Amino acid sequence: MDVLKKIENYYSEEDGEFLKAAYSYAEQMHRGQKRASGEPYFSHPCAVAEILVELGMDMPSIAAAFLHDVVEDTPATEEDINRKFGKEIMTLVDGVTKLDKIHFATHEEEDAENFRKIFVAMANDVRVIIIKLADRLHNMRSLNFLSNERQQRIARETLEIFTPLAGRLGISQIKCELEDLCLKYLDPEAYEFLVKNINLALADRKRFVDFVVDQIKEILESSNFTGEVFGRPKHFYSIYKKMKNQDKTLDQIYDLTAVRVIVKSIDECYELLGKIHNRWKPVPGRIKDYIATPKRNMYQSLHTTVVTNFGQFFEIQIRTEEMHKMAEYGIAAHWKYKENKSNENNFDARLSWIRDVMDWQGALNDSKEFVDSLKNDLYSNELLVFTPHGKVISLPLEASPIDFAYAIHSEVGNKCIGAKVNGKMVQLNSRLSTGDVVEILTNPNSKGPSWDWLKFVKSSSARAKIRSFFKKEMKEENVKTGRAMLEAEAKRKGYNLNDILTDSSFEKLSSKLVFSSVNEMLASVGYGAVGVNQIIFKLIDYYKKEIPKPVEVIESGKLRDTPAGSVTVKGMSGLLVRFAHCCNPVPGDEITGFVSRGRGVIVHRKDCPNLKDLDELRLQPAQWTGSIETEFIAGLKIVADNYDGLTADVVAEVQVLHLSMTQLNARINKSKLAEIELRVKLNKRSDIDLFINRLKRNKHIISVFRTTN
């Protein structure tokens, strides 16, 4: 096999013998297995290993490539691999192995869990993802033997996850080939058109490209620079994207070929750029300095598009030899070019992104949410902004100062109270632009982030860190909020939460959603990690299967129903009870009963100002008893700064808690403050307390209190 010859050429004799042992073991275990193409299955691990050899990966990576499907597809076990080849190689194999023993409801869920597992393994050893990329590349090369449906699914998955991953790790060799192969299956007509017509166009342009190359070589010689100059055709998918995004025909795409120049030093890069601009006119807006401000994957190069005197455009890329190696091999250059110390810095910089992903993935509750956030992070175009000290920070397009604050550090984001952009105060939800200098104002006494920030932050990291804050720092409040939300939704569906949330039902629920305690579940609902209905529907389902028998009350030897929403007045129950409209008492309020003539007992709140006008002899102590099944009306008054959206914010809080609003009046008082009076339907005191507490979190709201008429 070719791969064994390459191993002999690239690896030491000792490493070579070890790799041959891995080769032989994998060949033996896969013997008799066939691929969809009819080839022996073992041809696939060999091809993956060969791709990694060409990337210059180390011996354990090549061994893991030979063995990466053994545990999944043969009788071999993890213990066998560990015993024969050691823990390091077993860990790499395990990181790539699919979760075939776990059953998922959908392909999407299975793939999401696999991606998450790969990233967890990758955080410990980045070689896992490089092996996985090589595995995917060979599968894409042999995709033509599968059904059309599987071709589409695998190609789409590859384009959404694996190609941007390869790009983020800087491995352009794999990224470009994967993108072209995806295009071949996702849009075969466009692919065939480009293959045919670009080859013709390149043939026509060859003389022109040769002319440009010769001209640049003359500039190098006259400057006494030692360098290399060559034309490089753009890969099909990059041209396809440009035609789609810019709505251009192939004839309107001028830079089918880029001329690449490799010189010895950074100084020579800049000097050569000036001399090229002296010979040909640069196109405004098409000069990009990725040396001073590298891309997020640490790619470095100078790019310029120039135009000849007779109107032809062409792109020139200028870089050092070290930059060229990193551009082609990305993170794999760490193993391919071990002798370069600067390679260590690039390696660490690329790993910092992976560590960042692992930081925020812990705040996400399920694998699908993780993959969605990962896609958002991979696909977001970047803008480059600066700290006041000149450090460059890369953020997604349309990022806000909050995204910037969390990119600096979690605590900077959590304590952020304001921001300056280019020396001027700005709103925290304002959009940053490339080149902005951003300064974050913090306060150590800040209560932390606002839920509203989640509406406008763009980076997955900031979003996850905000959620993590609410998850950890506000657990007690989250528990209360979660309980109130579940109680409200249960009541809306005609149930009492205490009836349906039993030890038995929670045990069943926790086996599905993995909660260690009821409070953990309530907190998860409170900070939004789990939907209210996701919990309630399951609890109701469990309850219906074990409906308790109705309880009957025996009193004075007779059977009668317990009165719903009952109130006991001075120890006596079962009286005709009415609730005063002046103060609207609700279950949980301290109450007093007024014994009226012919109208039963009128119940007031103890703080109702109208009590002072009533006959004290007819006022009796009262308290709530029994289960409350009646809806009550509560009046509130809100005093706040007058700003656009105040009423909408109040109404939104009503909807969040699933309350019903029966009346709302708003006005501006003499102090130019907004006053809102509203009445809401509710079932108990905790509903209104929660509503008031949520309103008080709005920094523009000055006070909220219950009202009386």
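**Salt bridges, strands and a buried aspartate**

Student: Is Asp607 buried or exposed?

Tutor: Asp607 is exposed, with a relative accessible area of 53%; here exposed means over 50% relative accessible area, buried means under 20%, and partly exposed covers what lies in between, using a 1.4 Å probe and protein chains only. Please keep in mind that this is a predicted model, in which local features need pLDDT of at least 70 and side-chain atom pairs count only at pLDDT 80 or more, while totals for chains, interfaces and linings use all residues. Residues are numbered from 1 along each chain as its sequence is written, and side-chain values use heavy atoms, with hydrogens and water left out.

Student: OK, and what does Asp607 form a salt bridge with?

Tutor: Its partner is Arg605, with the closest N and O atoms 3.0 Å apart; a salt bridge here is a side-chain nitrogen of Lys or Arg within 4 Å of a carboxyl oxygen of Asp or Glu. Arg605, unlike an exposed residue, counts as buried at 5% relative accessibility.

Student: How many salt bridges does that rule give?

Tutor: The count comes to 19. One of them joins Glu88 and Arg127, whose closest N and O atoms are 2.8 Å apart. This pair links distant parts of the chain, since Glu88 sits in helix H7 (residues 87-96) and Arg127 in helix H9 (residues 127-141), 39 residues apart. Helices (H or I, at least four residues) and strands (E, at least two) are DSSP runs numbered from the N terminus.

Student: What relative accessibility does Glu88 have, and is Arg127 buried or exposed?

Tutor: Glu88 counts as partly exposed at 42% relative accessibility, whereas Arg127 is buried with a relative accessible area of 8%.

Student: What about Glu653, which residue does it form a salt bridge with?

Tutor: Glu653 forms one with Arg694, and the closest N and O atoms are 2.7 Å apart. Glu653 belongs to helix H27 (residues 646-656) and Arg694 to helix H28 (residues 685-696), so the pair ties together parts that are 41 residues apart in sequence. Both Glu653 and Arg694 are buried. Elsewhere, Lys6, Glu50 and Glu54 are joined into one network by salt bridges that share partners.

Student: Changing topic: how far from Asp436 is the nearest side chain of opposite charge?

Tutor: That side chain is Lys424, 11 Å away, and Asp436 is buried yet has no salt bridge; for charge, Lys and Arg count as positive and Asp and Glu as negative, while His and the chain ends are not counted. Asp436 lies in the loop between strand S10 (424-426) and strand S11 (438-442).

Student: So what does the side chain of Asp436 reach?

Tutor: It reaches the backbone nitrogen of Ser433 at 2.7 Å. Leaving aside neighbours within four places in sequence, Asp436 is also in contact, meaning heavy atoms within 4.5 Å, with Leu384, Val385, Phe386, Val421 and Asn422.

Student: Now the strands. Which side chains of S18 point to which face?

Tutor: Along S18 (residues 619-624) the side chains alternate, with Gln620, Ala622 and Trp624 buried on one face, while Leu619, Pro621 and Gln623 point to the other and are not buried.

Student: And which strands pair with S18?

Tutor: Among them is S14 (residues 567-569), which pairs with S18 in the antiparallel sense over three bridges, and two strands pair here if DSSP finds at least two bridges between them. Val569 has Ala622 of S18 as its bridge partner. S16 (residues 591-595) also pairs antiparallel with S18, over four bridges, and Gly593 stands opposite Gln620 there.

Student: Why is S19 called largely enclosed?

Tutor: Eight of the nine residues of S19 (residues 632-640) are buried, so this strand is largely enclosed by the rest of the structure. S19 runs antiparallel to S21 (residues 674-682), joined by nine bridges, with Val639 opposite Glu675. Five bridges join S19 to S22 (residues 701-706), again antiparallel, and Ala640 has Ile701 of S22 as its bridge partner.

Student: Last one: how many helices and strands are in the protein chain?

Tutor: The chain has 28 helices and 22 strands, and buried residues make up 49% of its 709 residues.

Terms used
A polar contact is a pair of N or O atoms within 3.5 Å; within protein, one must be able to donate a hydrogen and the other to accept it, and residues adjacent in sequence count only if both atoms are side-chain atoms.
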